[in-house]
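Colleague: Please give me a close look at one part of this model, with the cut-offs spelled out as you go.

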Amino acid sequence: MAQKLRLAIQKSGRLHDDSMKLLKECGIDISNGVNKLKADANNFPMEVFFLRDDDIPQYVEDGVADIGFVGENVVYEKNKKVTVAEKLGFGKCRLSIAVRKEETYTGAAYLAGKKIATSYPVLVQQFLNQHNISAEIHEISGSVEIAPGIGLADAICDLVSSGSTLFMNGLKETESILQSQAVIIKNSDLTTEQESILSKLLFRIQSVKKAKNNKYILLNAPNHNLQKIVSLLPGMKSPTVLPLAEEGWSSVHSVLNENEFWDIIEQLKDAGAQGILVIPIEKMIL
Ligand code: ATP
Ligand code: ZN
């Protein structure tokens, strides 16, 4: 029987929906319920396991699952023998030190001799070691942000995205010790067949990621300024130029990266471009 690649994703929580969405965007159809422990893909040699995120590195190291989607924060905290194969571009957050907002944080040295509450003892200890500081780490599994308020700790180290949870608890973020996003981890002993399924999956993921960072742009250009307008546009090879029914005008099609997008749009308008349409791209194969 042909082999399948077993993928572990979070059963429920912050990474679940984006993980399912990514699989869908990769054209992988997982129909049977998320309420089960596992589900089969209908059109790709893959089986999906739904687990707690903390358990995913261990399952992948043990080979119970072949690959997993999980936050870098969990990968580096658990420190299992797994390889990061690709960043996934979602689940972005940072692991940060925070203290009561009235405190003056003078840098890592502030933490010397203090009590730090965290669910990430390994990463916090690494940070302290890097700065040659000794402090007491108090490991707690949830609601870390209330620790200073109830006198359990002087500082915390926790995941932050907007910072509103810290603010609501009278804390301020002082230092990030890790930038994190969801990644694919893989077991170190995949068979040749599993490696080849993984390559197919990675190829699809890369196409989806590239497409998200790019937009398809269509515009009308006056022919007297066509050269100028075309030179502003990168395109995959070069922009497509088609004559419009109206004399003296052309339609120009191209692909623009999100980072340079607004900048180029401004310049296109200044060069006389009109009727600019910007369209999302679903997949991008280079
Ligand atoms: P589980 O029940 O699977 O153990 P959990 O409660 O540990 O879930 P979630 O809160 O769902 O975990 O977070 C899962 C992951 O989402 C985190 O490990 C992190 O990688 C990512 N994440 C992104 N933004 C945030 C944030 N603001 N706070 C916490 N985690 C975040
Ligand atoms: Zn968890």
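Modeller: Asp53 is buried, with a relative accessible area of 18%, whereas Asp54 is partly exposed at 27% (buried means under 20%, exposed over 50% and partly exposed in between, with a 1.4 Å probe and protein chains only). This is a predicted model, in which local features need pLDDT of at least 70 and side-chain atom pairs pLDDT 80 or more, while totals for chains, interfaces and linings use all residues. Residues are numbered from 1 along each chain, chains are lettered from A and ligands numbered from 1 in the order written, and side-chain values use heavy atoms, without hydrogens or water.

Asp53 and Asp54 are the protein donors of the zinc ion (ligand 2), each through OD, at 1.9 to 2.1 Å; donors are N, O and S atoms within 2.8 Å of the metal, or 3.2 Å for Na, K and Ca. The four donor atoms make angles of 76 to 171°, and the zinc site is irregular.

Asp54 also faces ligand 1: one of its polar side-chain atoms lies 2.7 Å from a ligand oxygen (polar contacts are N or O pairs within 3.5 Å). Asn73 offers a polar side-chain atom 2.6 Å from an oxygen of ligand 1, and Arg14 a polar backbone atom at 2.8 Å from a ligand oxygen. Taken on its own, ligand 1 has 630 Å² of accessible area, and the protein covers 76% of that (Shrake-Rupley, 1.4 Å probe). Altogether 17 residues surround ligand 1, with Gln10 and Ser161 also among the closest, counting residues with a heavy atom within 4 Å.

Note on methods
Tetrahedral: all angles 85-135°; square planar, octahedral: opposite > 155°, others 65-115°. Polar contact = N/O pair within 3.5 Å; in protein donor to acceptor, adjacent residues only side chain to side chain.
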